[in-house]
Amino acid sequence: MTPRQKKTLDFIKSYWKKQGYAPSFDEIREGIGLKSKSGVHHLIQRLQERGYVTFQPDLARTVTATDVAPA
């Protein structure tokens with residue numbers, strides 16, 4: 001996992017814990033200091049491929065960290 005991916009995953013977990021629901025891509029973008037939502041989308045896709053998060057691309061606020069990271 002890259003440092004930026006870790007920062008993204010940590011932000012998602014923290015946001016869920018504080019708010020009780022998933023952050024939007026804009027909130028993730030602001031939270032980790034990116035300039036574009038496409039960068040967030042790319043990070044989320046990579047985290048999903050590695051099994052760290054799940055999300056439904058056509059629905060808002062569906063990014064969820066998985067309970068157990070893959071080995």
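**Exercise 1. Find the residues with the most contacts inside the largest nonpolar core, and say which elements build this core.**

*Solution.* Start with the core itself: the largest nonpolar core has 14 residues, and those with the most contacts inside it are Leu-9, Ile-12, Ile-28, Ile-44, Val-53 and Val-63. Next, look at where the core residues come from. Helix 1, helix 2 and helix 3 are the elements that give two or more residues to this core. Helix 3 provides the largest share, four residues. Keep in mind that you are working with a predicted model.

Now pick out Ile-44 and list its neighbours. Leaving aside residues up to four places away in sequence, Ile-44 touches Thr-8, Ile-12, Phe-25, Ile-28, Val-53, Phe-55 and Val-63.

**Exercise 2. Check the length of helix 1, then work out how its buried residues are arranged.**

*Solution.* Step one is the length. Helix 1 runs over residues 3-19, and at 1.5 Å a residue its 17 residues should span 24 Å; the end C-alpha atoms are 24 Å apart, which agrees.

Step two is burial, where the cut-off is under 20% relative accessible area. In helix 1, the buried residues are Gln-5, Thr-8, Leu-9, Ile-12 and Tyr-15. These residues cover an arc of only 130° around the axis, so they lie on the same side of helix 1. A handy rule helps here: an α-helix has 3.6 residues a turn, so residues three or four places apart point the same way.

Step three is to look at both sides. The buried residues of helix 1 pack against helix 2 (25-32), helix 3 (37-49), strand 1 (53-54) and strand 2 (64-65). On the other side of helix 1, you will find Pro-3, Lys-17 and Lys-18 exposed.

Finally, see what follows the helix: after helix 1 comes Gly-20, with a positive phi near 85°.

**Exercise 3. Trace the salt bridges that involve helix 2.**

*Solution.* The count for the model comes to five salt bridges. Begin with Arg-29 and Asp-26, whose side chains meet at 3.3 Å, N to O. These two are three residues apart in helix 2, so about one helical turn separates them.

Arg-29 also forms a salt bridge with Glu-30, with the closest N and O atoms 3.6 Å apart. Through shared partners, Asp-26, Arg-29 and Glu-30 are joined into one network.

Then turn to Glu-27, which forms a salt bridge with Arg-61, the closest N and O atoms being 2.8 Å apart. Glu-27 lies in helix 2 and Arg-61 in the loop between strand 1 and strand 2, so this pair ties together parts that are 34 residues apart in sequence.

Notes
Residues numbered from 1 in each chain as written. Predicted model: local features only at pLDDT ≥ 70, side-chain atom pairs only at ≥ 80, totals over all residues. Heavy atoms only, no water. Expected span 1.5 Å × (residues − 1). Buried < 20%, exposed > 50% of the residue type's maximum accessible area, 1.4 Å probe, protein only. Arc of directions from axis to C-beta. Contact = heavy atoms within 4.5 Å. Core = buried A, V, L, I, M, F, W, Y, C linked by side-chain atoms within 4.5 Å. Salt bridge = Lys/Arg side-chain N within 4 Å of Asp/Glu carboxyl O.
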